[in-house]
Amino acid sequence: MPIDPRLPYDANNIFAKILRDELPCSKVYEDEHALAFNDIRPQAPVHVLVIPRGPYVSWDDFTAKAEDAEIAGFMRAVGNVTRQLELDGPGYRLMVNMGRAGHQEVPHLHVHIFGGREFFQMIVD
Ligand code: 5GP
């Protein structure tokens with residue numbers, strides 16, 4: 001079920017629990033701004049999620065409320081992850097689902113990194 005992105009941040013969402021080490025994850029990268037881990041249901045040979053450490057429901061929430069340093073740090077972290085995964089040569093796809101129309105299911109901002117193959121279609125329903 002897609003989330004309502006206008007609801008307040010739910011500190012008990014799955015990714016909040018992963019950030020607090022209350023749930024396990026297959027960690028790929030971490031720094032002061034972000035954590036990256038493998039998606040539990042990968043949809044490509046490489047499917048990694050990058051999340052900010054701060055409590056932001058969505059891309060909309062993050063870009064409206066986060067400090068400039070958090071935004072810059074998060075963007076830099078996404079780039080660091082893609083280079084660590086050696087996707088900068090072959091290329092990759094980034095995706096952020098936002099709210100109902102975007103079919104966002106977890107109410108903590110996450111950037112999907114897809115890699116390991118070519119993605120011919122822009123949008124697949
Ligand atoms: P969304 O549709 O919100 O953009 O994507 C949520 C993503 O989170 C999905 O790709 C789903 O497979 C992934 N996911 C959901 N629960 C967990 C979990 O507990 N651990 C991990 N690693 N990924 C999860």
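This briefing covers helix 3, an aromatic cluster and one annotated span. The model is predicted: local features need pLDDT of at least 70 and side-chain atom pairs pLDDT 80 or more, while totals for chains, interfaces and linings use all residues. Residues are numbered from 1 along each chain as its sequence is written, and side-chain values use heavy atoms, with hydrogens and water left out. Helices (H or I, at least four residues) and strands (E, at least two) are DSSP runs, numbered from the N terminus.

**Helix 3**
- Helix 3 (residues 68–84) has 17 residues, so at 1.5 Å times one less than that number it should span 24 Å, which agrees with the 24 Å between its end C-alpha atoms.
- Its buried residues (under 20% relative accessible area, 1.4 Å probe, protein chains only) are Gly73, Phe74, Ala77, Val78, Gly79, Val81 and Thr82.
- The cover over these buried residues includes strands 1 (27–30), 2 (34–38), 3 (46–52), 4 (93–95) and 5 (111–115), as well as helix 2 (59–65).
- Glu86, just after helix 3, has a positive phi of about 60°.

**Aromatic pairs**
- Rings of Phe, Tyr and Trp (its six-membered ring) pair if their centres lie within 6.5 Å; planes under 30 degrees apart are stacked, over 60 edge-to-face and the rest tilted.
- The count is 4 aromatic pairs.
- Tyr56 and Phe62 are edge-to-face, because their planes are at 70°, with ring centres 5.2 Å apart.
- Phe62 and Phe74 are also edge-to-face, because their planes are at 75°, with centres 5.3 Å apart.
- This pair links distant parts of the chain, as Phe62 in helix 2 and Phe74 in helix 3 are 12 residues apart.
- Tyr56, Phe62 and Phe74 form one aromatic cluster.

**Annotated span**
- An unreviewed UniProt entry lists residues 14–125 as "domain: HIT"; positions follow the numbering used here, feature names are shortened, and annotations may be inferred rather than shown by experiment.
- Residues 14–125 are 30% helix and 21% strand, with end C-alpha atoms 25 Å apart.

Note on methods
Buried < 20%, exposed > 50% of the residue type's maximum accessible area, 1.4 Å probe, protein only. Contact = heavy atoms within 4.5 Å.
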